[in-house]
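Colleague: I'm new to this one, so could you walk me through it slowly?
Modeller: Gladly; have it open beside you and ask as we go.

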Amino acid sequence: MTLTTPRPTNLTSLLVANRGEIAVRVFRTARALGLDTVAVHSDPDADALHVRAADAAVRLPGAAPADTYLRGDLVIAAALAAGADAVHPGYGFLSENADFARAVRAAGLTWVGPPPAAMEAMASKTRAKELMRAAGVPLLDPVDPHAATTADLPLLLKAAAGGGGRGMRVVRDLDSLKESLEAASAEALSAFGDGEVFAEPYVERGRHVEVQVLADSHGTVWALGTRDCSLQRRHQKVIEEAPAPGLPEALRTTLHEAAVAAARAVSYEGAGTVEFLVTADGRPYFLEMNTRLQVEHPVTEAVFGLDLVALQLRIAEGAALPLDPPTPAGHAVEARLYAEDPAADWRPQTGVLHTLDVPSTVRVDTGFTDGDTVSVHYDPMLAKVVAHAPTRAEAVRALAHALAGARIHGLITNRELLVRSLRHPEFAAARLDTGFYERHLPALTEAAPDDRAPVLSALAAALADSAPEPDAPLAGRLGGWRNLRSQPQSRRYTAAGTEYEVRYHPSRSGPPELLDHPGVRVLSAARHAVTLEVDGVRRLFHVKQKSNTTYVDSVLGSRALTPVPRFEDPQDRTEPGSLLAPMPGTVVRVAEGLAPGSPVTAGQPLLWLEAMKMEHRILAPASGTLTALHAVTGQQVEFGALLAVVQEEA
């Protein structure tokens, strides 16, 4: 895409006021345009990929976002110290902070984003809705939460500032409204420094559809098609695609026109996204405008053949867009790969990512490489994986196949959920709405009753673990094999809470003979690869051992297996009813009136723990009495820390 530049501002060096995947992605385009790149980093990110990818990096002392990436004064000082002449905000953190944008400009730097006045106009969802109503954009009528009646239910509570699902609650009964308001306000205040919360009708089975806009300083505004982002967990997007499938042409036109009207209403410049809720009967309602680049922007790039970051930079230099955008082609689908356990209330994971290897048939935007650590301080997204093809069916199939074939070792991820979601009949038929995971999560996360993959993976793990090293001397090459057929070998593993036992007869002259596994024959067994014949079908299993875990990958899926020790470690025993911290984090709330001796009921929320940009409830495991409470509000806790003890009633 060629842009004319009547008032050129020649940028030479770009600082990205962000971290992780988006910083790496912006640096990639900046380098292609010949710009020097500058990273900023907190102490936990000192060796992060975005730091290694930049030409220069500046430390922001501390760990918490409030002390580092949210300190606009430190970011601007870093840009000046490193000689940058422009700042790109990425998304999240300060990306929609109008005061930061003004401070960047006041420091003599180029702001790669919309005018601060436009950001300010859209910063509060309540004020933005007033502007959109005046511009003729369709809206849901607001509800006063303090005067709500049963006729107004269900309600959606939303933070007036920020995004990403923070400060959002669905209220289905009036009894829980007061508590939900307080919780939403507290979360919004913690996340955005603004506790304002508003309410609007909650639309059941609605679709989340958005329009990418791009505008220059010369009056041209592009509507770059639609995206569907309906598959969400905790109001945060999981799978996105462009164009939004199944929209009537008249509705698509209405969305485009409303998005352009929204952008013109605030004299917008740069990249932004106008988000809508589309009801089951096809009525669109304005939700908000994100005055920044979206996480899901790659699907629009793929369909339109554009580099949105390059266009952001050129618009910041004063370039003019052509009057009309390019013609879209094909379909693109993006999946967000998270370090989290969907089966355990989406619990985020921390630790070392040993392997992240996704087939090159798809686009992968990531802030991690093998051996990097996923920190407790930030969002647990590992990567965005994007497939583009001539049709939706081909794009969905390509993305599912690539994710299924990826090797991801070291952390529990949502990869299996993504694959199953993409292959679900409702998704394949484009029957999309925001309640998808509410309906299907149990089925998407439970093991199939006839699934042999875990057993076969355990077989591969045991055979690989017992195989001799290829360069071992003869005396050591027998590994786990024994000479006596009368004494079989036995190994036990656990995977996802289930134990598997593998028994086999060693052989001196060939592969071992398996016991208790009819229809399975060992063709070869080496330290890193095992080939089994399963009911006449040859299957290859890749095996990688790290620490006390064996990772097995095949076309049947991936498994992380832990060897079962012969004897139980007494240190593993904990007092019955103990509530342990599921991850490192901060105790943000303790249930009102909770103290040792308090009666509790099974499933009752006792504590709220904040970690990795999400709030997690610690529930009573059974009805009984709280006999110990070790957590207090504001306390930092480590993984496995004892928070409380509940004695179950007799």
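Colleague: Which residue in β21 does Ala 332 stand opposite?
Modeller: Ala 332 stands opposite His 388 of β21. Please keep in mind throughout that this is a predicted model. The strands concerned are β14, residues 331–338, and β21, residues 381–389, which run antiparallel and are joined by eight bridges.

Colleague: And what order do the strands take in the sheet with β14 and β21?
Modeller: The order is β13-β12-β9-β10-β11-β14-β21-β19, an open sheet of eight strands with antiparallel pairing. At its edges are β13 and β19, the latter covering residues 363–366, and each of these two pairs on one side only. Ignoring direction, neighbouring strands of this sheet are turned against each other by 25° on average.

Colleague: Which strands of that sheet does helix α1 touch?
Modeller: Helix α1, residues 20–32, packs on the sheet and touches β19 and β21, with its direction making about 115° with that of β19. Another helix, α14 (residues 436–445), lies across β10 and β11 and runs at about 45° to β10.

Colleague: Let's look at β12. How many of its residues are buried?
Modeller: Nine of the nine residues of β12, which spans 270–278, are buried, so this strand is largely enclosed by the rest of the structure.

Colleague: What does β12 pair with, then, and over how many bridges?
Modeller: With β9, residues 207–215, β12 pairs in the antiparallel sense over nine bridges, and one pair of bridge partners there is Glu 210 with Glu 275 of β12. β12 is also joined to β13, residues 284–290, by six bridges, and these two strands run antiparallel as well. Between β12 and β13, Leu 277 has Tyr 285 of β13 as its bridge partner.

Colleague: What is the phi of Gly 282 in the hairpin of β12 and β13?
Modeller: Gly 282 takes a positive phi near 85° in that hairpin, which has five residues between the strands.

Colleague: Which residue other than glycine has a positive phi in the loop between β15 and β16?
Modeller: One of them is Asp 345, whose phi is about 60° although this residue is not a glycine, and it lies in the loop between β15 (340–341) and β16 (347–348). Trp 346, placed in that loop between β15 and β16, likewise has a positive phi, near 60°. For context, most residues other than glycine have a negative phi, and most peptide bonds are trans.

Colleague: Is Trp 346 buried or exposed?
Modeller: Trp 346 counts as buried, with 7% relative accessibility, whereas Asp 345 is partly exposed, at a relative accessible area of 43%.

Colleague: You mentioned trans peptides, so where are the cis ones?
Modeller: Among them is the bond that joins Leu 153 and Pro 154, with omega about -5°; Pro 154 is found in the loop between α6 (125–134) and β6 (155–159). A cis peptide bond also joins Ala 242 and Pro 243, again with omega about -5°, and Pro 243 has its place in the loop between β11 (236–242) and α8 (249–265).

Colleague: Switching to helices, how are α11 and α12 arranged, and at what angle do they cross?
Modeller: The axes of α11 (residues 392–404) and α12 (residues 415–422) come within 9 Å and cross at roughly 155°. The two helices are therefore roughly antiparallel to each other, and α11 passes α12 in a left-handed crossing.

Colleague: Which residues make that contact?
Modeller: From α11 they are Val 396, Leu 399, Ala 400, Leu 403 and Ala 404, and from α12 they are Arg 415, Leu 418, Val 419 and Leu 422. Sorted by class, the contact of α11 with α12 has eight nonpolar residues, no polar ones and one charged.

Colleague: What about the sheet that contains β23, in what order do its strands come?
Modeller: Eight strands form that open sheet, in the order β25-β24-β23-β30-β29-β28-β27-β26, with antiparallel pairing. The edges are held by β25 (513–515) and β26 (520–525), each with a single partner strand, so one side of each is left without a neighbour in the sheet. The twist averages 35° from one strand to the next.

Colleague: Last one: is Gln 489 buried or exposed?
Modeller: Gln 489, which lies in β23 (residues 489–495), is buried, with a relative accessible area of 12%.

Conventions:
Residues are numbered from 1 along each chain as its sequence is written. This is a predicted model: local features need pLDDT of at least 70, side-chain atom pairs count only at pLDDT 80 or more; totals for chains, interfaces and linings use all residues. Side-chain values use heavy atoms; hydrogens and water are left out. Axes are lines fitted to C-alpha atoms, for helices over the stretch in contact, and angles run from 0 to 180 degrees between N-to-C directions. Helices (H or I, at least four residues) and strands (E, at least two) are DSSP runs, numbered from the N terminus. Angles under 35 degrees count as roughly parallel, over 145 as roughly antiparallel, 65 to 115 as roughly perpendicular and the rest as oblique. A crossing is left-handed if the near helix is turned anticlockwise from the far one by less than a right angle, and right-handed if clockwise. Contact means heavy atoms within 4.5 Å. Ala, Val, Leu, Ile, Met, Phe, Trp, Tyr, Cys and Pro count as nonpolar, Asp, Glu, Lys and Arg as charged, and the others, Gly among them, as polar. Buried means under 20% relative accessible area, exposed over 50%, partly exposed in between (1.4 Å probe, protein chains only). Two strands pair if DSSP finds at least two bridges between them.
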